Amino acid sequence: MINNIFQTDKTVFSCEVFPPKRNDDIYGIFKTLDEIQACHPDFISVTYGAGGGTSKKTATIAAYIQNICETEALAHLTSVAMDEPFLRSIVKELNAKGVHNVLALRGDQPRDMSDEDFANRRFKHASDIIPIIRDAADTDICIAAACYPEQHPQSASLEEDLHFLKLKADAGVNFFITQMFFDNPKFLRFREQARAHGIQTPISAGIMPITSAKQIGTSVQLSGSSVPAKLSNLLAKYGDHPEDMRKAGIEYANEQIQALIAEQVDGIHLYTMNKSDVVQEIYGQLRR
């Protein structure tokens, strides 16, 4: 399981994919995974649609990663629209497919969920589902959770974020993955604050290579991540030149990663946007 990898004296490298919206595109993601697996990441995570819209695809893709790619799979579980029986059934389905690593998330309010239903949802926080996941598992299970170096968009303060992070750690989370960020000093400050709060759980740094100007607008809107001047300047310089922007974005991500490794980061988690070529370029430069 993934928690064992974090016990080794090395930087853990991983990446994330998401299920296709169309059922007939499932073989496309299998091809992408074959290409990513050739880079030998330590694990690959697969996202989950709120309300269970892609839950079957998540389990299928996670099983492909685990059993065909022979790479540890991390299946996301987004609880915002779940009840407990459904959550338990998904954990058992994943276990039956040989998947024993999950990322416990609350998730955002689905578009088709009313404000009233969201306010009255069964699980208020990701920490609420961690004990249930562990209890529902047929065997040992590794549980990851998310964290936010620059404060969750709906949180009152970073202090509140750290309070909930400690709850997750105390509930038995094996490692954390951060939301994407583009400013390493903010991550390092967050890591220091987490350790000061008694959180010794490994923290993997979430890195998204920005390969188009459009991508940064969407990413920042969803994550609340700040954009440092250096990245803003790259966008201004290369935003209208796709190939140059792609090259500059990958170079920026590589510089981030190399600097984080020098700071002895526990892990690097790439948000790939299902672009295996970007993963191949970044991993290739890391091995030079």
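## Thr 272, its neighbours and other loop residues

Thr 272 sits in the loop that runs between strand 8 and helix 12, where helices (DSSP runs of H or I with at least four residues) and strands (DSSP runs of E with at least two) are numbered from the N terminus. The structure is a predicted model, in which local features need pLDDT of at least 70 and side-chain atom pairs count only at pLDDT 80 or more, while totals for chains, interfaces and linings use all residues. Residues are numbered from 1 along each chain as its sequence is written, and side-chain values use heavy atoms, with hydrogens and water left out.

### The loop before helix 12

With a relative accessible area of 5%, Thr 272 is buried, a word used for values under 20%, whereas exposed means over 50% and partly exposed lies in between (1.4 Å probe, protein chains only). When residues up to four places away in sequence are not counted, Thr 272 touches Cys 15, Glu 16, Val 17 and Val 279, a contact being heavy atoms within 4.5 Å.

The loop between strand 8, which covers 267–271, and helix 12 also holds Asn 274. At 19% relative accessibility, Asn 274 counts as buried. Its backbone deserves a second look, since Asn 274 has a positive phi of about 65 degrees although it is not a glycine. Most residues other than glycine have a negative phi.

### Helix 2 beside helix 12

Which two residues does Thr 32 touch, leaving aside those up to four places away in sequence? They are Asn 274 and Ser 276, so Thr 32, a residue of helix 2, brings us back to the loop in which Asn 274 is found. Thr 32 counts as buried because its relative accessibility is 12%.

How do the axes of helix 2 and helix 12 lie to each other? The axes of helix 2 (residues 26–37) and helix 12 (residues 276–286) come within 9 Å and cross at roughly 5 degrees; such axes are lines fitted to C-alpha atoms over the stretch in contact, with angles from 0 to 180 degrees between N-to-C directions. Helix 2 and helix 12 are therefore roughly parallel to each other, as angles under 35 degrees count as roughly parallel, over 145 as roughly antiparallel, 65 to 115 as roughly perpendicular and the rest as oblique. On the side of helix 2, the contact is made by Thr 32, Glu 35 and Ile 36, and on the side of helix 12 by Ser 276, Val 279 and Gln 280. Sorted by class, the residues of this contact are two nonpolar, three polar and one charged; Ala, Val, Leu, Ile, Met, Phe, Trp, Tyr, Cys and Pro count as nonpolar, Asp, Glu, Lys and Arg as charged, and the others, Gly among them, as polar. Val 279, which helps to form the contact between the helices, is also among the residues that Thr 272 touches.

### Residues in other loops

Leaving helix 2, one can look at His 40, which is found in the loop between helix 2 and strand 2 (43–46). His 40 has a positive phi of about 60 degrees although it is not a glycine. Is His 40 buried or exposed? With a relative accessible area of 58%, His 40 is exposed.

Thr 201 belongs to the loop between helix 8 (184–196) and strand 7 (203–207), and at 11% relative accessibility Thr 201 counts as buried. Apart from residues up to four places away in sequence, Thr 201 touches Ala 169, Val 173, Asn 174, Phe 175, Phe 176 and Arg 195.

Gln 264 has its place in the loop between helix 11 (242–262) and strand 8, and Gln 264 is exposed, with a relative accessible area of 66%. Ser 114, in the loop between strand 4 (101–105) and helix 5 (115–119), counts as partly exposed at 33% relative accessibility.

### Separations along the chain and in space

The table sets out pairs of residues with their C-alpha separations.

| Pair | Apart along the chain | C-alpha separation |
|---|---|---|
| Ser 114 and Ser 45 | 69 residues | 29 Å |
| Gln 264 and Glu 159 | 105 residues | 24 Å |
| Thr 272 and Ala 144 | 128 residues | 19 Å |
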